[in-house]
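Reader: I am in my first year of study and would be grateful for a close look at a single part of this structure. Could you please take the aromatic residues as the starting point and then place them in their surroundings?

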Amino acid sequence: MRILSRVALLSLTTAAAHAATVVYDFNVSWITANPDGLAERPVIGINNQWPPPRIHVQVGDRLIVNLHNSLGDEDTSLHFHGLFMNGSNHMDGPVMVTQCPIPPGASFTYNFTVDQPGTYWYHSHNKGQYPDGFRGPLVIHDPKAPFEYDEELVLTVSDWYHDRMSLLQPRFMSKYNPTGAEPVPKSALMNDTQNLTMPMVPDRTYLFRIANIGAFAGQYIWVEDHTITVVEMDGVYVHPTETNMVYVAAAQRCSFLLTAKKETSRNFPIIASMDTTLFDTIPPGLNTNVTSYLLYNPTAPLPLPTPLDTLTPLDDTLLLPQDNLTTLPSPDQTITLNVTMNNLASGANYAFFNDITYVPPRVPTLYTVLSSPNSSSSQGDLTTNPSIYGTYTHPFILSHNSIVQLVLNNLDSGRHPFHLHGHQFQILHRSAADEGTWSSSSSTPDPNNSNHTAAPMRRDTLVVEPNGNAVIRFQADNPGVWLFHCHIEWHMISGLAVTFIEAPSVLQQTINLPEDHLAACRDREDPIPFEGNAAGRGGDSKDLSQWLVLDGQPTPPKPIPAGFTGGGIAALTMSCFTGILGVAVVAWYGFSEPVGESNTAAAAGKVKSPAVAGESGSESGVYTDVDSAGKSASVVRVKRGTEAVESEALSFGSEEEAVNGVGMASKKGDGVVVDVDAITRA
């Protein structure tokens with residue numbers, strides 16, 4: 001890694017007065033690691049090291065990351081989570097949204113100015129890749145921070161898997177997992193390790209920057225016998241608020257102040273506990289906690305955490321932003337999104353907003369914006385037509401500077417941390433679990449919470465409770481193509497995302513794609529078009545109508561039919577017919593006389609048959625001994641449930657007469673099958 005002009009330190013209390021250019025070279029490749037001590041596995045390292053490096057910059061700096069993909073078997077990308085990327089939407093990083101995937105062997109440069117302080121993180125945004133280890137903290141230092149501290153500590157929390165995502169994803173999105181049960185992590189990590197110790201200096205105030213860089217589990221975080229003071233959430237400074245515990249969902253961040261004790265005889269655990277309500281099952285032996293220590297005394301023991309009966313974290317919606325920004329005006333556009341999970345015809349379980357599951361287009365959505373005909377084109381203006389962006393990108397066009405309100409109805413039985421790219425939003429309302437959908441009759445803002453009325457809390461990632469709802473609001477003042485999605489990576493994989501296309505006409509005037517961005521599409525074994533609609537049509541055509549043709553756009557599996565298909569009807573009909581026929585045969589057999597007077601008796605030379613048990617007093621059958629000449633037969637009648645009660649001798653002129661006389665058509669061996677009822681006695 002090389003850093004130009006300035007090195008940002010972990011503990012920073014003073015900063016240069018002028019902006020700098022900070023450059024990181026990332027060579028991304030597979031290496032081996034064993035962070036929980038339970039299993040070695042391949043991980044995505046940077047510059048042959050893992051965990052990945054922390055990125056440190058200062059407000060106003062230009063950050064350049066030169067990424068080279070040495071993975072060999074996978075594409076990749078890089079997203080800077082929580083950064084607005086104002087004027088640099090093409091640097092946001094989600095594959096097939098703002099760029100093509102970076103193929104193995106290729107290089108790609110991210111180059112943008114950071115203009116917001118706070119705690120963030122970076123991660124791959126390509127096909128669920130980042131849980132393989134390609135993620136790390138990004139800190140933007142602020143010399144004008146509205147609080148004081150002596151030293152800062154960056155602390156990441158995450159869940160951890162022992163298998164590569166390329167193995168876990170097909171198992172998850174499979175007909176053999178019809179309920180959509182997410183893979184349960186194998187362990188939890190803190191700073192990508194366990195049993196971490198952090199030396200404490202008595203009476204010193206520390207700023208802890210917490211980031212949940214995991215794929216799935218939210219984390220309850222607390223420090224035994226210490227009070228913490230929350231000062232930032234998702235890059236938003238808040239009025240200092242004391243608490244004993246915070247909940248940090250996947251992708252969320254939280255910064256708090258902690259003043260070390262003056263007394264140094266003991267050490268204290270700091271605990272992160274995974275939110276197990278998200279897990280379908282808890283495997284035996286799974287340790288859902290990860291424990292680190294505030295180390296006051298290196299010679300004192302490291303105590304086990306004290307078990308808690310309940311987990312009661314701070315309600316983040318009650319925090320008050322430092323800037324006291326009041327509630328945005330009434331919305332110009334309200335979008336209601338209903339969250340559901342369901343199976344499609346493939347048998348796998350998918351996630352839906354308003355019955356649409358996200359599927360990436362053939363052309364990155366930003367590139368469709370940039371190449372589409374606009375109002376100055378002789379072909380006409382299609383930039384603001386959502387159709388060209390495809391059905392399954394689930395596009396919404398947002399007018400420049402409009403006020404947008406999102407109503408989120410979580411019809412699922414699990415929590416969802418929803419993240420908006422390019423913005424922070426105001427939280428106007430969040431219900432408790434199981435309160436159902438929101439309606440305009442709901443009290444918004446909550447009259448019992450004066451904070452909402454004065455200045456609603458803002459952040460970029462919000463947890464919506466199971467079978468609950470939330471209402472958020474933001475201003476569309478950042479032209480770009482921005483995803484809104486669940487940041488549980490399994491749900492992103494299964495399609496829980498929509499696309500906001502914000503001020504596309506303005507966007508066309510502000511972005512020119514660098515050559516390496518186009519090369520990522522063009523110079524690969526499977527070239528990706530970088531012009532045209534979601535189906536790749538229209539870009540090289542003078543026919544305007546081609547922009548509205550979506551034949552060939554990527555689609556999800558078909559829905560499971562509401563009724564029977566033709567094949568299903570045929571299968572059911574045949575099954576019913578076969579079943580009825582089988583019952584009829586059984587009934588016919590049961591009501592017939594298996595060896596009765598109208599049935600046959602077998603003989604081969606001389607064949608003796610025992611009496612057959614049955615209902616007492618009912619005739620079961622007639623058994624015969626027939627001599628090999630076929631001229632005489634000894635007949636015994638048998639009553640069911642009794643011994644033989646009748647016998648008689650019959651004579652025939654010949655074997656042929658015996659056979660023909662009774663109308664039989666078969667012989668066995670050298671004996672004759674005889675139907676006694678049909679015999680004409682001599």
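Author: In this predicted model, one aromatic cluster is formed by Phe353, Phe396, Phe418, Phe474, Phe484 and Phe500. One member of this cluster, Phe500, leads to a further residue, Ile397. The C-alpha atoms of Ile397 and Phe500 are separated by 6.1 Å, although the two residues are 103 positions apart along the chain. Ile397 belongs to strand 22, which covers residues 395-398. Setting aside residues up to four places away in sequence, Ile397 touches Gln333, Thr384, Pro386, Tyr389, Ile501 and Pro504.

Among these contacts of Ile397 is Tyr389, which deserves attention in its own right. Tyr389 is located in the loop between helix 2 and strand 22. Its relative accessibility is 1%, so Tyr389 counts as buried; the cut-off for that term is under 20% relative accessible area. When neighbours within four places in sequence are left aside, Tyr389 is in contact with Thr365, Thr368, Val369, Ser372, Thr383, Pro395, Ile397, Ile501, Pro504 and Ala534. Ile501 and Pro504 thus appear in the contacts of Ile397 and again in those of Tyr389. A further separation concerns Leu548: its C-alpha atom lies 9.4 Å from that of Tyr389, with their positions 159 residues apart along the chain.

Helix 2 (365-371) also takes part in another arrangement. The buried residues of helix 6 pack against helix 2 and against strand 6 (107-113). Helix 6 spans residues 515-522, and within it His517, Leu518, Ala519, Ala520 and Cys521 are buried.

The aromatic residues may now be considered as pairs. A pair of aromatic rings is described by the distance of the centres and the angle of the planes. The count comes to 21 aromatic pairs. One of them joins Tyr24 and Phe26 in an edge-to-face arrangement, with 6.1 Å from centre to centre and 70 degrees between the planes. Tyr24 is buried, having a relative accessible area of 2%, and Phe26 also counts as buried, at 1% relative accessibility. Another pair, Trp50 and Trp160, is tilted: the centres are 5.3 Å apart and the planes stand at 40 degrees. Trp50 lies in the loop between strand 2 (41-46) and strand 3 (55-58), while Trp160 lies in strand 9 (residues 151-160), so this pair ties together parts that are 110 residues apart in sequence. Both tryptophans, Trp50 and Trp160, are buried.

Aromatic rings are also met by charged side chains. The charged end of Arg164 sits over the ring of Trp30, at 3.9 Å from the centre of that ring. For Lys261, the charged end sits over the ring of Phe268, 5.5 Å from the ring centre.

A residue without a ring may be set beside these. Gln219 is found in strand 13, residues 219-223, and its relative accessibility of 0% means that Gln219 counts as buried. Leaving out residues up to four places away in sequence, the contacts of Gln219 are Val157, Ser158, Asp159, Ala188, Asn212, Val246, Tyr247, Val248, Ala272, Ser273 and Met274.

Some empty spaces remain to be described. The structure holds three cavities of 30 Å³ or more, and about 60 Å³ of space lies in the largest of them. Aromatic residues recur here: Phe147, Tyr149 and Tyr237 are among the residues that line the largest cavity. The lining also includes Asp142, Arg209 and Glu232, and it divides into six nonpolar, two polar and three charged residues.

The largest pocket holds about 840 Å³ of space. It is lined by 36 residues, of which Val95, Asn126, Lys127, Gly128 and Pro360 are the closest to its centre. Helix 1 (165-172) and helix 4 (489-493) each contribute at least two residues to this lining. By class, the lining of the largest pocket has 18 nonpolar, nine polar and nine charged residues.

Finally, the parts may be placed within the whole. The protein has eight helices and 35 strands, and buried residues make up 53% of its 682 residues. Of the contacts with a separation of 6 or more, 75% are between residues 24 or more positions apart.

Definitions and conventions
Residues numbered from 1 in each chain as written. Predicted model: local features only at pLDDT ≥ 70, side-chain atom pairs only at ≥ 80, totals over all residues. Heavy atoms only, no water. Helix = DSSP H or I, 4+ residues; strand = E, 2+ residues; numbered from the N terminus. Contact = heavy atoms within 4.5 Å. 1 Å grid on protein atoms, 1.4 Å probe; cavity = no way out; pocket = protein on both sides within 12 Å on 5 of 7 lines; lining within 4 Å. Points joined across faces, edges and corners; volume = space filled by probe spheres on them. Nonpolar A, V, L, I, M, F, W, Y, C, P; charged D, E, K, R; others polar. Phe/Tyr/Trp six-rings, centres within 6.5 Å; stacked < 30°, edge-to-face > 60°. Buried < 20%, exposed > 50% of the residue type's maximum accessible area, 1.4 Å probe, protein only. Lys NZ or Arg CZ within 6 Å of the ring centre and 35° of its normal.
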